[in-house]
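Okay, thanks everyone, let me put this one up on the screen. I'll walk through a sheet, a few charged pairs and a couple of single residues.

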Amino acid sequence: MKTIFLISISLLFVISPVYGQLLSDATGLVNRLDVQTGGHTFEVETVSNFDIHKFEFDKDEKKLTLYISSGLKNNLGEIILPQNLLGGNLTFYLNDKEHFPKINTNEQISFVTLNFTGSGDNTLEIFGTTYLSGLTEISSSDISSPDLTPSVDYDSELIYVIIALLIIGIIASVIVFKKKRK
């Protein structure tokens with residue numbers, strides 16, 4: 001019995017060897033970039049085997065810049081870009097050289113498949129021909145400020161009325177009780 005107990009205890013503490021390996025070329029890191037422009041927020045989503053550590057958007061140039069870090073030589077990524085953020089004919093520059101990724105579009109998004117080589121830091125610039133397609137730019141003065149006037153809390157007023165009625169009822173009861181005793 002003691003042997004079975006020791007064997008079952010030892011099975012609980014099995015030590016497995018750990019083997020480290022390089023990140024696979026097919027691993028997908030998900031990045032959700034919230035681009036705020038023109039009073040709107042757009043989500044640009046990427047799934048890639050590289051990391052996007054920073055991004056910038058320039059509405060005047062209709063340009064989204066992604067700063068990429070990769071530890072792999074062969075880089076693969078997919079970008080979902082809302083059409084009403086950047087649309088029309090898209091042009092791509094990878095490290096200041098024109099790049100020609102595969103692009104599929106519909107009314108809502110452009111689905112871009114990037115495939116390039118080069119580990120380390122890379123810069124991808126995406127230029128569109130349209131910006132805020134179907135939307136109007138909202139300036140900070142157009143956004144209504146919140147109403148800061150104090151609101152009436154009817155629940156607390158009701159509690160005060162009930163407490164006042166109870167006090168008046170108690171006083172009236174005491175007065176009636178004293179008059180009956182006399």
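So, strand E4, residues 63-70, and strand E11, residues 120-127: they run antiparallel, and 8 bridges join them. If you want one pair to click on, take isoleucine 68, whose bridge partner in E11 is asparagine 122. Keep in mind throughout that this is a predicted model.

Now zoom out a bit. In what order do the 5 strands of the open sheet come? Reading across, we get E3-E4-E11-E7-E8, with antiparallel pairing. At the edges stand strand E3 (51-58) and strand E8 (97-99); each has a single partner strand, so one side of each has no neighbour in the sheet. From one strand to the next, the twist averages 25 degrees. As a reminder, strands of a sheet pair through backbone hydrogen bonds, and that can be parallel or antiparallel.

Let's stay at the E3 edge. E3 and E4 run antiparallel and are joined by 7 bridges. Together E3 and E4 make a hairpin, with 4 residues between them. For those of you who like backbone torsions, lysine 62 sits in that turn with a positive phi of about 55 degrees.

A residue to look at here is aspartate 51, which lies in strand E3. Across from aspartate 51, in E4, is serine 69. How exposed is aspartate 51? Its relative accessibility is 33%, so aspartate 51 counts as partly exposed. Ignoring sequence neighbours within four places, aspartate 51 is in contact with Leu29, Asn31, Tyr67, Ile68 and Ser69. You'll spot Ile68 in that list, and that's the residue bridged to asparagine 122 a moment ago. One distance for your notes: from the C-alpha of aspartate 51 to the C-alpha of leucine 66, 15 residues apart along the chain, it's 9.8 Å.

Next, charges. The count of salt bridges comes to 6, and I'll show some of them. Back in the E4 and E11 pair, glutamate 125 forms a salt bridge with lysine 63, with the closest N and O atoms 3.4 Å apart. Glutamate 125 is in strand E11 and lysine 63 is in strand E4, so this pair ties together parts 62 residues apart in sequence. Are these two partners buried or exposed? Glutamate 125 is buried, at a relative accessible area of 16%, and lysine 63 counts as buried as well, at 14%.

Then there's a little network, where salt bridges with shared partners join Arg32, Glu43 and Glu45. Glutamate 43 pairs with arginine 32, the closest N and O atoms being 3.8 Å apart. That link goes from glutamate 43 in strand E2 (residues 40-48) to arginine 32 in strand E1 (residues 29-37), 11 residues apart. Arginine 32 also meets glutamate 45 in a salt bridge, again 3.8 Å from N to O. Glutamate 45 is in strand E2 and arginine 32 in strand E1, so here the parts tied together are 13 residues apart in sequence. On accessibility, arginine 32 is exposed, with a relative accessible area of 52%. If you recall that exposed means over 50%, arginine 32 at 52% makes the cut. Glutamate 43, at 39%, counts as partly exposed.

Moving away from charges, here's leucine 90. Where does leucine 90 sit? You'll find it in the loop between strand E6 (86-87) and strand E7 (91-94). Leucine 90 counts as buried, because its relative accessibility is 14%. Leaving out neighbours within four places in sequence, the contacts of leucine 90 are Leu81, Ile103, Ser110, Ile126, Phe127 and Gly128. Of those, Ile126 and Phe127 fall within the residue range of strand E11, 120-127. And between leucine 90 and phenylalanine 100, 10 residues apart along the chain, the C-alpha separation is 9.8 Å.

Last stop is the surface. Which residues make the nonpolar surface patch of about 610 Å²? They're Ile159, Tyr160, Ile163, Ile167, Ile171 and Ile175. Take isoleucine 171 as an example: it lies in helix H2, which covers residues 154-181. With 46% relative accessibility, isoleucine 171 counts as partly exposed.

That's my tour, thanks.

Key:
Residues numbered from 1 in each chain as written. Predicted model: local features only at pLDDT ≥ 70, side-chain atom pairs only at ≥ 80, totals over all residues. Heavy atoms only, no water. Patch = residues over 30% accessible without salt bridge, like charges linked within 9 Å, V, L, I, M, F, W, Y side chains within 5 Å. Areas by Shrake-Rupley, 256 points an atom, 1.4 Å probe, with all protein chains shown as cover. Salt bridge = Lys/Arg side-chain N within 4 Å of Asp/Glu carboxyl O. Helix = DSSP H or I, 4+ residues; strand = E, 2+ residues; numbered from the N terminus. Buried < 20%, exposed > 50% of the residue type's maximum accessible area, 1.4 Å probe, protein only. Pairing = 2+ DSSP bridges. Axes fitted to C-alpha atoms, helices over the stretch in contact; angles between N-to-C directions. Contact = heavy atoms within 4.5 Å.
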